[in-house]
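Student: Can we go through this one together? I'd like to start with the ligand site and then look at a bit of sheet.

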Amino acid sequence: MTSYVDSPSPGAGRRAPRADLQTDSPRLSLNGQWKFRLSPTAEGTDDPFEDWDTIRVPSHWVLEGHGEPWYTNTAYPFPLDPPHVPDENPTGDYRLRFDLPPHWPDTASVLRFQGVDSCARVWLNGTELGHSKGSRLPFEFEVTGLLLPRGNVLAVRVHRWSSGSYLEDQDMWWLPGIFRDVELLARPAGCVDDVFVHTGFADGTGTVRVDADRPGVVEIPSLSLRFDTGVSVSVDGVEPWSAESPRLYRGTLVAGGERVELAIGFRTVSIVDGRLFVNGRPILMRGVNRHEHDPHRGRSLDVETMRRDVLLMKRHNINAVRTSHYPPHPEFLRLCDEYGLWVVDECDIETHGFAYSGWEGNPPADPAWRDALVDRAQRMVERDKNHPSVIIWSLGNESGAGDAFGDIERWIRQRDPSRPIHYERDRSYRHSDFHSVMYPSLPELTEIGLREEPAPDGVSPGSPDDVRRRSLPHLLCEYGHAMGNGPGSLADYQRILESHERFCGAFIWEWIDHGLWGHDADGVPYLRHGGDLDQKPNGERFCLDGLLFADRTPSPGLVEYAKVIEPVVVDVRPSDITLRNRYDVIDLAHLRLLWTVADDGIAVASGELATPSVAARATAVLPVPPAALAVPPGTGERWLTVRAVLAADTPWAPAGHEVAWGQGMLAVFKPPAPSRSSTNVARFDPTTGRLTGFGDLAITGPWLDVWRAPIENDHGHGGLNDLARSWRAVGMDRFLHRTDEVSTLDDGTVVVRVHCGPATQTLALKAEFRWTPVDDRSVHLRVTVEPVGIWENTPIGNHTVTLPRLGLRFGLPATVETAEWFGPGPHESYVDSQTAARVGRHRASVDALQTPYPVPQENGNHVDTRWLRLYGGGRPRLRVTGDPHFAFTVRRWTTEDLDRAAHPQDLRPSDTVWLNIDHLQQGLGSASCGPALPDRYRIPVKPYEFGLTLSRG
Ligand code: GAL
């Protein structure tokens with residue numbers, strides 16, 4: 001049955017879209033407890049005698065005990081038959097009785113909804129006001145003359161599915177309801193309805209003009225300015241607005257007795273010679289894609305949560321946000337203005353699921369949808385046009401191509417010529433001021449940087465589209481897929497992004513995991529993904545791909561990203577220290593430079609360097625502080641660390657907050673050679689050749705180990721790069737072990753020869769363990785590994801099999817509680833994700849060494865460890881010393897347990913602490929949505945040799 005629900009029309013009865021203004025006119029929040037009743041179909045309920053529940057507004061009803069949330073990635077959760085939706089269309093009827101506050105003016109009033117998912121039909125006091133679609137966009141109704149002093153009844157019928165859902169196929173939970181604020185606004189006679197603040201900045205001079213639909217007077221006290229609307233004013237000596245220095249000039253516009261707050265930022269965005277500039281300076285956005293998400297409240301965020309996001313971003317050196325894939329709550333943009341973040345404001349348009357019809361019927365290519373699509377762009381631009389932080393409009397995400405994008409582009413250019421436009425998915429880029437792609441490989445990104453990328457499908461080389469595209473700046477709208485453990489290669493990407501002027505910014509996919517709190521059958525709380533609920537189809541755990549865990553704990557990926565994009569590169573060498581200012585606008589005057597010299601991780605000297613004056617994008621070279629060089633020789637490795645910290649409090653972090661750091665090794669002091677002994681402190685089982693004890697420490701192993709619990713990136717995406725499958729096909733997850741020989745040489749060396757390989761296959765690794773006594777506390781182990789059998793013809797598709805890891809597994813008593821090590825830390829590190837790990841002495845409990853990925857997988861690795869000490873329960877200590885370095889993982893369960901677990905609560909401590917000492921572990925990559933892991937981060941099957949020393953104490 002066709003009705004307003006499944007007609008493509010965007011709505012009816014609504015007021016024209018306008019700016020989101022803060023004024024001193026009376027405003028009544030209608031948030032709170034509403035009456036609610038859920039019906040199975042769009043008919044809703046008209047029975048006033050039914051028992052109605054109460055529900056909080058704003059919220060999503062599926063997170064308030066009515067029905068269930070549903071996650072899909074690209075799939076529509078209903079038949080692809082636009083614009084129709086099924087009769088099974090959960091519909092929430094909402095009702096609120098409210099009184100007007102005393103002295104509510106007797107003038108015009110407007111009812112505003114900031115966001116209702118997906119279609120709302122609204123009545124006030126029995127009069128139908130209209131309906132609206134476009135979930136993440138505001139709509140307003142004129143209610144003048146309909147209001148009563150007391151006992152108003154506002155009724156809203158909200159349909160989970162509507163034609164609008166076809167335009168909202170973003171990769172996220174489907175979460176219906178009135179999920180943003182509802183407000184009643186008094187509009188005094190003669191007040192302005194809409195305001196458009198136009199600013200510019202060039203050569204020290206700012207310009208400002210405030211357009212409004214009625215005449216008014218603008219005042220900016222801090223600039224001693226007072227001028228009429230519609231008049232352009234130039235001001236010398238203003239500070240421009242930028243993400244790094246977000247100077248806002250607060251002002252007002254007075255009209256009709258109403259004061260409208262203005263937060264004016266002077267800035268000009270331009271594209272010149274294929275580069276993006278703000279205020280005449282090139283910028284490089286170091287960004288994230290941000291969905292609105294809270295693990296309890298879905299996309300119904302409170303302001304404190306929005307502020308938390310902004311603060312977390314600023315504290316992790318992020319300077320830009322793409323509001324994937326819809327305009328955020330307007331308060332978030334106010335915070336971006338205030339704290340300083342560049343924003344790519346993206347329209348609430350995604351039709352990804354038309355991929356399942358071969359893009360047949362795709363709305364942007366069908367004139368029937370034109371109004372609905374243009375309506376969304378208009379509502380975004382009108383609402384957000386006054387934010388200095390918004391520097392780019394994005395037309396939407398993954399919606400193919402179609403004439404509607406031309407219509408939208410034309411409308412935006414005419415309405416707001418001051419901001420460039422981004423759209424990634426139309427490969428002609430005709431409607432975009434940027435070339436843009438998602439998830440390129442490193443070589444592909446380099447080609448793009450050089451403007452040498454191949455012409456996309458459908459674009460002939462040398463054609464006007466091809467030539468124009470190469471002339472555009474590049475905005476990397478998604479890369480670094482942060483699903484599970486990862487992403488790797490962030491430093492590799494950053495190097496390329498900084499090597500070519502074409503790049504104006506890059507945005508990690510994505511900011512936060514979309515896990516939702518729930519309980520398992522035993523009542524244990526855990527963060528659920530799509531596959532943890534019953535709806536089908538669902539995108540399972542593909543929604544867990546953020547730099548923050550869903551509870552907003554930073555993941556190691558965020559720590560790595562913060563370091564990779566730090567605004568100052570501090571390059572410490574024994575000869576000098578180079579500071580590279582990566583800020584695009586500001587110098588380094590707000591930073592203090594603190595240095596420390598440490599021997600084997602123990603500080604032996606420290607001090608402060610005078611911060612030199614280094615302009616944006618400039619470099620300075622400083623001498624190493626003489627006091628650091630004057631420290632007498634010590635022991636072990638001597639490292640100089642220089643930290644750049646905030647000199648004073650800022651709105652986003654206190655003084656002392658570290659924004660950047662660098663380290664360099666100054667010297668290595670060799671320890672005296674140990675006195676040799678021929679008594680082996682280790683005891684071996686004569687049959688297996690494995691340790692049975694070590695001094696008075698209980699220890700078992702080693703087993704040669706190649707298995708890791710696959711991380712999300714090991715599974716690849718869409719059948720591509722599925723290394724985990726190939727590893728399992730080969731049998732890497734089930735190696736069987738055999739000891740071929742155990743012998744003792746005259747000097748006390750014990751030689752153990754082993755063979756390990758999977759059932760069925762001839763492929764195997766042969767290894768020799770050579771245990772040579774060092775002194776009465778230590779034994780040195782040299783391991784040689786050689787592949788044997790047929791590795792090439794394994795049933796793994798067309799790629800060469802590589803090893804997940806290569807190392808040794810030991811078992812230790814469960815009393816081991818603490819790990820202390822010298823090497824990179826404290827966070828986990830991998831061969832392609834180790835920028836954030838600093839060389840030092842670190843200590844952590846075994847439990848704290850686990851990163852609780854919501855889908856259990858390999859974690860907690862530490863590359864390049866020099867030595868590791870394990871202890872606890874008053875028992876003897878075990879020390880492992882590298883020859884020279886090793887990687888370690890220590891946990892209370894085995895890799896196999898980790899591999900089997902579906903959720904963190906499935907992992908139970910065993911009676912053994914399992915220690916992996918690895919020669920190598922494969923890197924992380926981001927193949928869960930992205931290119932294959934580069935070869936250099938894989939472990940080829942070939943002979944290896946490595947060593948380590950085990951000691952007591
Ligand atoms: C992109 C898409 C995002 C998300 C990501 C994978 O193609 O734009 O919304 O789905 O892939 O997580």
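**Ligand site and a small sheet**

Student: How far is an oxygen atom of the ligand from an N or O atom in the side chain of histidine 481?

Tutor: Keep in mind that this is a predicted model. Histidine 481 is among the residues that come nearest to the ligand. Between an N or O atom of that side chain and a ligand oxygen, the distance is 2.7 Å.

Student: And how much of the ligand's 310 Å² does the protein bury?

Tutor: The 310 Å² is what the ligand exposes when taken alone. Put the protein around it, and the buried share is 95%.

Student: Which pocket does the ligand sit in?

Tutor: The shell around the ligand has 5 nonpolar, 4 polar and 4 charged residues. Aspartate 171 has a side-chain N or O atom 2.5 Å from a ligand oxygen, and for glutamate 398 that distance is 2.5 Å. As for the pocket, the ligand sits in the second largest.

Student: Over to the sheet, then. Which strands are at the edge?

Tutor: This is an open sheet of 3 strands, paired antiparallel in the order E23-E24-E25. An edge strand here pairs on one side only. That gives strand E23 (269-272) and strand E25 (281-282).

Student: What is the bridge partner of valine 278 in E25?

Tutor: Strand E24 covers residues 275-278. 2 bridges join E24 to E25, and the two run antiparallel. The partner of valine 278 in E25 is arginine 281.

Key: Residues are numbered from 1 along each chain as its sequence is written. This is a predicted model: local features need pLDDT of at least 70, side-chain atom pairs count only at pLDDT 80 or more; totals for chains, interfaces and linings use all residues. Side-chain values use heavy atoms; hydrogens and water are left out. A residue is near a molecule or strand if one of its heavy atoms lies within 4 Å of it. A polar contact is a pair of N or O atoms within 3.5 Å; within protein, one must be able to donate a hydrogen and the other to accept it, and residues adjacent in sequence count only if both atoms are side-chain atoms. Accessible areas come from the Shrake-Rupley method with a 1.4 Å probe; for residues, only the protein chains shown count as cover. On a 1 Å grid over the protein atoms alone, a cavity is a set of points where a 1.4 Å probe fits but cannot get out, and a pocket is an open set with protein on both sides within 12 Å along at least five of seven lines; lining residues have an atom within 4 Å of a point. A molecule sits in a cavity or pocket if more than half of its atoms lie within 2 Å of its grid points. Ala, Val, Leu, Ile, Met, Phe, Trp, Tyr, Cys and Pro count as nonpolar, Asp, Glu, Lys and Arg as charged, and the others, Gly among them, as polar. Two strands pair if DSSP finds at least two bridges between them. Helices (H or I, at least four residues) and strands (E, at least two) are DSSP runs, numbered from the N terminus.
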